[in-house]
Amino acid sequence: MADARSTPESLPPAFLEFLQENGLDPMMYSMADTIPRYIRLKPGMEPQIPEIQSELKCHLNKVSWLPDFYAIPPQVQIASSKAYQQGKIYGIDAASGAAVLALDVQPGEHVLDLCAAPGAKLCMLADMLGDRGSLTGVDVAKHRLAACRTMLQKYSLGDHCRLFVADGTSFSILPVNSSLGSGEGSTCLKDNGSTLSEWTSKRSWKDRQKSKKARTAGSPHLTSTSEPELIYYGKHSGLVGLCKCDALRPSADDEAQTSGYDKVLVDAECTHDGSIKHIQKFEFWGWKTLDRRVLDAERTDDLLHLQLHLLTNGFKLLKTGGSLVYSTCSLTVAQNENVVQQFLCKHSSADYLVCLSSLKLSKFNRSALMTFWDFFCKHAELQKIDSADSWPCRSGSIFKTLRFDPATSQTSGLFVAKFTKLQI
């Protein structure tokens, strides 16, 4: 097996060029054995810490700035431990935990995780939500979302959750309307066999055949025109007893302003260059795979397009007064500050003021009024993350954004920005 530590000399020239173009120090990839592995302890399991330490044969160092998180030596494996198999602990980087904490989820809220796989952040959101409200997880890859479903069930966190295989750039299903849940306002008849009963892992013959055809086709992802597929819903998710057509009903244009999600997490797909452990995997997968997945110019352009559209759609599904966190584990400016800047150019209060100042009030016409209203309806603002005052991170190049990096944070690299949708 190759040495787990990457050095600048061992990195391929194309990746070194990528790092240089983005102003990133290749030396950070030699820090793998100095950055801890992080685990999150399921709330209520604190009395079992001595037993878990004995099983893992290492001390659990409490992370002072992040509740329920512990640091362990990077070489310790947890997957084979009873604590992991019994749902007491799971692995999640501290920086990722900070992005979730930045949302400040409260019990009873409706929360959307627009890029839910592989599921650790989804589990943390469910823990924060408690036994009220709802959690919706979305991912474009069915097999990855199925892993999220397994995690939710393993940690007994799925009662208030529902999972959709869907394109996050076009997903438009809002939180369950309670009036529909009681049968009022339903758009389909309950006696036609289309009512959702309590979820079971047993699939019908029709569903099994559909999955078989999808595997034969060789495409694990939906296209942007595919209908969302509901693959899991908990008994308190609001869907039991609801008509399928109501559960899958897309939202109207402005419906989210009053009936949207209270909190949205967009942890977008990226080049993962900030994750040292992820980059190390290419030593085993082959550096040519890195060229195809990270360095290919066309794929990078597609990623930037995807990130902006995920952020835009997540904000569209947010209710007025709600909060959205955008994050990536890339350290590049292009996938972080530039995406935020492009988004704000279309949705921020600053643009609203520029638009307003450009209009001559004495010559208001219908076209100008529509332009004014369009900006006003999309009013977004960056929000300060109050809990970050004690975090080992630094400011991004845009005020109120944050950056974790391996050298100073002792975590994986992560960019975090928080937005709020202001009152119309």
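# Chat notes: binding-site aspartates, strands and a helix face

Analyst: Let's start in the middle of this predicted model. Strand β6, helix α6 (residues 142-154) and β7 form a β-α-β unit, and the unit is right-handed.

User: How do β6 and β7 run, and how many bridges join them?

Analyst: They run parallel, with five bridges joining β6 to β7. One pair to click on is V138, which sits opposite F164 in β7.

User: And what does β7 have on the other side, I mean which way does it run with β8?

Analyst: β7 and strand β8 (residues 229-233) are antiparallel, joined by four bridges. There, R162 stands opposite Y233 in β8.

User: Is β7 mostly covered or mostly open?

Analyst: Mostly covered: five of its five residues are buried. That goes for both faces, with C161, L163 and V165 on one side and R162 and F164 on the other.

User: OK, new topic. Where does UniProt put the "binding site" feature?

Analyst: The UniProt record, an unreviewed entry, places "binding site" at D139, D167 and D267. They are spread over 129 residues of sequence yet cluster in space, the largest C-alpha distance being 14.0 Å.

User: Where does D139 sit?

Analyst: D139 is in strand β6, which covers residues 134-139.

User: Buried or exposed? And why call it that?

Analyst: Buried, because its relative accessible area is 8% and the cut-off for buried is under 20%.

User: What does D139 touch?

Analyst: Leaving out residues up to four places away in sequence, D139 touches C115, A116, A117, R144, L145, F164, V165 and A166. Two of those names came up before: F164 and V165 are among the buried residues of β7.

User: Which backbone nitrogen does the D139 side chain reach?

Analyst: That of A141, at 3.1 Å.

User: What about D167, where does that one lie?

Analyst: D167 is in the loop between β7 (161-165) and α7 (178-181). D167 is buried too, as its relative accessible area is 15%.

User: Switching to helix α1. Which residues are buried there?

Analyst: In α1 (residues 13-21), F15, F18 and L19 are buried. Looking down the axis of α1, those buried residues fall within an arc of 95 degrees, so they line one face of the helix.

User: What do the buried residues of α1 pack against?

Analyst: They pack against two helices, α11 (276-285) and α12 (287-295).

User: And which exposed residues are on the face turned away?

Analyst: P13, Q20 and E21 are the exposed residues carried by the face of α1 turned away from its buried side.

User: What happens just after α1?

Analyst: G23 comes just after the helix and takes a positive phi of about 70 degrees.

User: Last one: what's the strand order in the four-strand sheet?

Analyst: It's an open sheet in the order β2-β3-β1-β4, and the pairing is antiparallel. β2 (61-62) and β4 (89-91) stand at the edges with a single partner strand each, so one side of each has no neighbour in the sheet.

User: How many bridges join β1 to β3?

Analyst: Four bridges join strand β1 (residues 37-41) to strand β3 (residues 69-72), and the two run antiparallel. As a marker for that pair, R40 stands opposite F69 in β3.

How values were computed
Residues are numbered from 1 along each chain as its sequence is written. This is a predicted model: local features need pLDDT of at least 70, side-chain atom pairs count only at pLDDT 80 or more; totals for chains, interfaces and linings use all residues. Side-chain values use heavy atoms; hydrogens and water are left out. UniProt positions are given in the numbering used here, feature names are shortened, and annotations may be inferred rather than shown by experiment. Buried means under 20% relative accessible area, exposed over 50%, partly exposed in between (1.4 Å probe, protein chains only). Contact means heavy atoms within 4.5 Å. A polar contact is a pair of N or O atoms within 3.5 Å; within protein, one must be able to donate a hydrogen and the other to accept it, and residues adjacent in sequence count only if both atoms are side-chain atoms. The arc is that of the directions from the helix axis to the C-beta atoms. Two strands pair if DSSP finds at least two bridges between them. A crossover is right-handed if, with the strands pointing away from the viewer, the path from the first strand over the helix to the second runs clockwise.
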